[in-house]
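Please open the model in your viewer and keep the sequence panel at hand. The stops below go from one whole chain to its helices, then to charged pairs, and at last to the contact between chains.

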Amino acid sequence: MESLNLTIFICLAIPLSMTLLMFKGHSRMLCAFLLSGMFMCVFSGEINGLVLNVSGYDTQFLAVNIAPLVEEITKALPIIFIAFLIKPSRQKIAEFALMVGVGFATLENISLLVDSGTISLGYAFLRAIGAGMMHGICTLVVGLAMFSVIEEKMVFFSGTISALSIAMIYHSIYNMLITSKYMVLGALLPIITFTLIMIVSVTHFRKISAQKNKDISKNT
Amino acid sequence: MPVLLFESIAFGISLIAFIYGFFTVYLSNSPMYFKLMVSAVGCYTLEELWVIVNAICGVENDTFSIRLIGIIGCYCTFLTASSRGLTNLLGKDAVNKKAPKYAALIAPLIVALIFAFGLSKAQIHQGLFFIAILMLVFLPMVLDSYFELRSLLLPMDEKKMLKSIKLLNILVLIQYVISLSYMLITGMNTLLVMDVVSAVGMALIVIVSRKGALIWKA
């Protein structure tokens, strides 16, 4: 299956794969997940292409309703695999999930930009930040949810479906905006979401550590 | 225009409810049960946002719309909450000994019957694929109603937190009844005011979740 996606993937994957031999431990895992994200981009691209040819849907319908479904499921596959295999900690699964999303976004951006031909620096910047953050956030949500529900079968299935549905809807909203005249709003959506997540995380953790310090000083 | 108006109202109500729930339940170290209830409301809010963005961007959806995935997600979160949350709060043995297993099967039976009856009355013109998607939407509702009724059948005893869990179970079951009634009345056509009613129901779920979390901490 000769395609632009696959060609770009080979050009990126081979040098990155060499680092797998040199890195050790956690660094190697992060690199492996980055590569798996890129591979999933190729895989989902082929599935989207197949659906487009077989179903007769137009590209806008595909981008809004089918592509988020396919892409979020394929991105979740490496996370599900590692979650069951080694049951990593919350921090590690978050990092792995983020790397899958970033790898996916990297290859997607390169393919789209190469396909488009000449594009402005502003559009490239907007596209890179928007898509990168969006894919990262979606996979992060799925990864963290999976960490919370891994213990029980019934809960795992329903919990993973919930997390995937949130990621799919968010992805679909982004695709709708980015392919319409509200492109700037689409690019801003993940930036705003990421900023809010960071603000809440930082203030919440500061509050918890302040509380812990208070408790320690009380005991001593 | 009416679509945007009603959906904006529904989105506004559920967004305020979710933000309130996020700060009062999520960030205040509450049990997982209440956090999952707020997550379900968050899922619903995102789904309403999708409808608004879809209306603004003018995307046409024929046989399948990813909005249905959002509804599945919302019901699956309720299912996760009720099936995991109850065992988390009371312990597996306590739940198995006290909550009757077979009596609670009435709920999924009734929900499945209403759904089947509604499906036969509904204006299904998009074929088997659409029916399959609908079944995926209502399957978590059917499963969840079992856990909700099982919690309701638990004897009250001295644990106060059961009081707030029971109220949440009643609210979720009422939400399901509303959704199914809407399906029966409209034959799967859009009834915009029902989205606002669902959003109000979600807001009540968040308020009761917060009260439940406070009772649990006390």
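What percentage of the 218 residues of chain B count as buried? The share is 53%, where buried means under 20% relative accessible area, exposed means over 50% and partly exposed lies in between, with a 1.4 Å probe and protein chains only. Before going further, note that this is a predicted model, in which local features need pLDDT of at least 70 and side-chain atom pairs count only at pLDDT 80 or more, while totals for chains, interfaces and linings use all residues. Residues are numbered from 1 along each chain as its sequence is written, chains are lettered from A and ligands numbered from 1 in the order in which they are written, and side-chain values use heavy atoms, with hydrogens and water left out.

**Chain B as a whole**

Select chain B and colour it by secondary structure: eight helices and zero strands appear, helices being DSSP runs of H or I of at least four residues and strands runs of E of at least two, numbered from the N terminus. Among its contacts (heavy atoms within 4.5 Å) between residues at least 6 apart in sequence, 80% join residues at least 24 apart. With a surface drawn, chain B exposes about 9,900 Å², and carbon and sulfur atoms supply 71% of that area, computed by the Shrake-Rupley method with a 1.4 Å probe, with only the protein chains shown counting as cover for residues.

**Helix H1 of chain B**

Move next to helix H1, residues 2-26 of chain B, whose 25 residues should span 36 Å at 1.5 Å a residue, in agreement with the 34 Å between its end C-alpha atoms; the expected span is 1.5 Å times one less than the number of residues. Its buried residues include Glu7(B), Ala10(B), Phe11(B) and Ser14(B). When looking along the axis, recall that an α-helix has 3.6 residues a turn, so residues three or four places apart point the same way.

**Leu168(B) and its surroundings**

Select Leu168(B), which lies in helix H7 (residues 161-186) of chain B and is buried, with a relative accessible area of 0%. Leaving aside neighbours within four places in sequence, Leu168(B) is in contact with Tyr33(B), Phe34(B), Met37(B), Ile205(B), Val208(B) and Ser209(B). A distance drawn from the C-alpha atom of Leu168(B) to that of Met37(B), 131 residues apart along the chain, should read 8.8 Å.

**Charged pairs in chain B**

Which residues are linked with Arg67(B) in a network of salt bridges? They are Glu47(B), Glu48(B) and Asp195(B), a salt bridge being a side-chain nitrogen of Lys or Arg within 4 Å of a carboxyl oxygen of Asp or Glu. Show first the side chains of Arg67(B) and Glu48(B), which meet at 3.7 Å, N to O; this pair joins helix H3 (residues 67-90) to helix H2 (residues 32-57) of chain B. Glu48(B) counts as buried, at 0% relative accessibility.

Then show Asp195(B), whose salt bridge with Arg67(B) has an N to O distance of 3.6 Å and links helix H3 of chain B with helix H8 of chain B across 128 residues of sequence. Asp195(B) is buried at 12%, and, not counting residues up to four places away in sequence, touches Glu7(B), Ala10(B), Tyr44(B), Glu48(B) and Arg67(B).

**Chain A around helix H4**

Turn to chain A and select helix H4, residues 90-116, which reaches 39 Å from its first C-alpha to its last, close to the 39 Å expected. In the loop between H3 and H4 of chain A sits Lys87(A), exposed at 54%, with a positive phi near 45° in a residue other than glycine. Just after H4(A), Gly117(A) takes a positive phi of about 90°.

Within H4 of chain A, Val102(A) is partly exposed at 34%. Arg127(A) forms a salt bridge with Glu108(A), the closest N and O atoms being 3.0 Å apart; the pair links helix H5 with helix H4 of chain A, and both residues are buried.

**Where the chains meet**

Finally, show both chains together: 31 residues from chain A and 33 residues from chain B take part in the contact. Chain A and chain B bury about 2,600 Å² between them, 75% of it on carbon and sulfur atoms, this being the accessible area (1.4 Å probe) that two parts lose on being put together, summed over both. The count of salt bridges between chain A and chain B is zero. On the side of chain A that touches chain B, the largest share, 15 residues, comes from H6(A).
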